[in-house]
Amino acid sequence: MPYAVTVHFEIAPGQMAAFLPLMRENATASVRDEPGCLQFDVCIDPSLPDQVFLYEIYTDLAAFEHHQTMPHYAAFGQAAGDLIAAKTVRTYETALQHHV
């Protein structure tokens with residue numbers, strides 16, 4: 001069953017320009033290099049300039065756990081750590097899917 005992950009980042013003031021390229025690189029590598037990563041969206045709201053929301057879909061929990069062992073995941077964490085003021089991660093098992 002697909003496994004969803006949401007992450008809400010609060011970026012340190014004035015650090016969004018440094019954070020976003022790192023996040024985009026991590027998202028691109030996740031989809032490109034991880035067969036179990038089906039979707040990785042990086043979302044921003046222009047009215048909330050210091051916040052970033054991620055929506056990720058993995059084939060299952062094991063695929064998400066594998067994601068957390070990848071070199072690009074570690075590199076992102078090391079490079080972006082000081083740019084992040086707060087981070088909230090939530091995970092979900094899929095109960096029902098609808099597709100267009």
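**Entry 1: a word before I start**

I call a residue buried when its relative accessible area is under 20%. His72 has a relative accessible area of 14%, so I write it down as buried. I should also say early on that I am looking at a predicted model.

**Entry 2: His72 and His67**

I stayed with His72 and looked up its place, which is in helix H3. Leaving out residues up to four places away in sequence, I found that His72 touches Asn26, Ala29, Ser30, Asp33, Glu34 and His67. I also checked a distance: His72 and Gln97 are 25 residues apart in sequence, and their C-alpha atoms are 29 Å apart in space.

His67 was on that contact list, and I went there next. His67 sits in helix H2. Is His67 buried or exposed? His67 has 2% relative accessibility, so it counts as buried. With residues up to four places away in sequence not counted, His67 touches Ser30, Glu34, Phe40, Glu56, Tyr58, His72 and Tyr73. From His67 I looked across to Gln15, 52 residues apart from it along the chain, and found 25 Å between the two C-alpha atoms.

**Entry 3: Phe40 and the nonpolar core**

Phe40 came up among the contacts of His67, and I turned to Phe40 itself. Setting aside neighbours within four places in sequence, I see Phe40 in contact with Met23, Asn26, Ala27, Ser30, Val31, Leu54, Tyr55, Glu56, Tyr58 and His67.

Which residues of the largest nonpolar core touch the most other members? The core has 20 residues, and the ones I noted are Phe9, Phe19, Met23, Phe40, Val52, Leu54 and Tyr58. S1, H1, S2, S3, H2 and H3 are the elements that each give two or more residues to this core. A reminder to myself: nonpolar side chains tend to be buried together in soluble globular proteins.

**Entry 4: Thr6 and Met16**

I picked Thr6 next, which is located in strand S1. The relative accessible area of Thr6 is 12%, so Thr6 is buried. Not counting residues up to four places away in sequence, Thr6 touches Phe53, Leu54, Tyr55, Thr88, Val89, Arg90 and Tyr92.

Then I moved to Met16, a residue of helix H1. Met16 has 15% relative accessibility and therefore counts as buried. I listed what Met16 touches, again without residues up to four places away in sequence: Ile11, Pro21, Pro49, Asp50, Gln51 and Val52. Met16 and Asp60 are 44 residues apart along the chain, with 31 Å between their C-alpha atoms.

**Entry 5: the cysteines**

How many disulfides does a search of the whole structure find? The search gave me zero disulfides. For Cys37, which is in no disulfide, the nearest cysteine sulfur is that of Cys43, 13 Å away. A disulfide needs two cysteine sulfur atoms within 2.5 Å, so at 13 Å Cys43 and Cys37 do not form one. I compared how the two residues are placed: Cys37 counts as buried at 4% relative accessibility, whereas Cys43 counts as partly exposed at 32%.

**Entry 6: the largest pocket**

I looked for pockets, and the largest pocket has a volume of about 210 Å³. There are 19 residues lining the largest pocket, and those closest to its centre are Val7, Phe9, Tyr73, Phe76 and Lys87. I had already met Phe9 in the nonpolar core.

Which elements supply at least two residues each to the lining of the largest pocket? I noted strand S1 (3–11), helix H1 (16–33), strand S3 (51–58), helix H2 (61–67), helix H3 (71–80) and strand S4 (84–93). H3 gives the most, with four residues. Sorting the lining of the largest pocket by class, I have twelve nonpolar, five polar and two charged residues.

**Entry 7: the second largest pocket**

My last stop was the second largest pocket, with a volume of about 170 Å³. Its lining is made of Pro2, Ala4, Leu38, Gln39, Tyr55, Ile57, Thr94, Gln97, His98 and His99. Strand S2 (37–44) and S3 are the elements that give two or more residues to this lining. By class, I noted five nonpolar, five polar and no charged residues in the lining of the second largest pocket. Tyr55 was a familiar name by then, as I had it among the contacts of Phe40 and of Thr6.

Note on methods: Residues numbered from 1 in each chain as written. Predicted model: local features only at pLDDT ≥ 70, side-chain atom pairs only at ≥ 80, totals over all residues. Heavy atoms only, no water. Buried < 20%, exposed > 50% of the residue type's maximum accessible area, 1.4 Å probe, protein only. 1 Å grid on protein atoms, 1.4 Å probe; cavity = no way out; pocket = protein on both sides within 12 Å on 5 of 7 lines; lining within 4 Å. Points joined across faces, edges and corners; volume = space filled by probe spheres on them. Nonpolar A, V, L, I, M, F, W, Y, C, P; charged D, E, K, R; others polar. Core = buried A, V, L, I, M, F, W, Y, C linked by side-chain atoms within 4.5 Å. Contact = heavy atoms within 4.5 Å.
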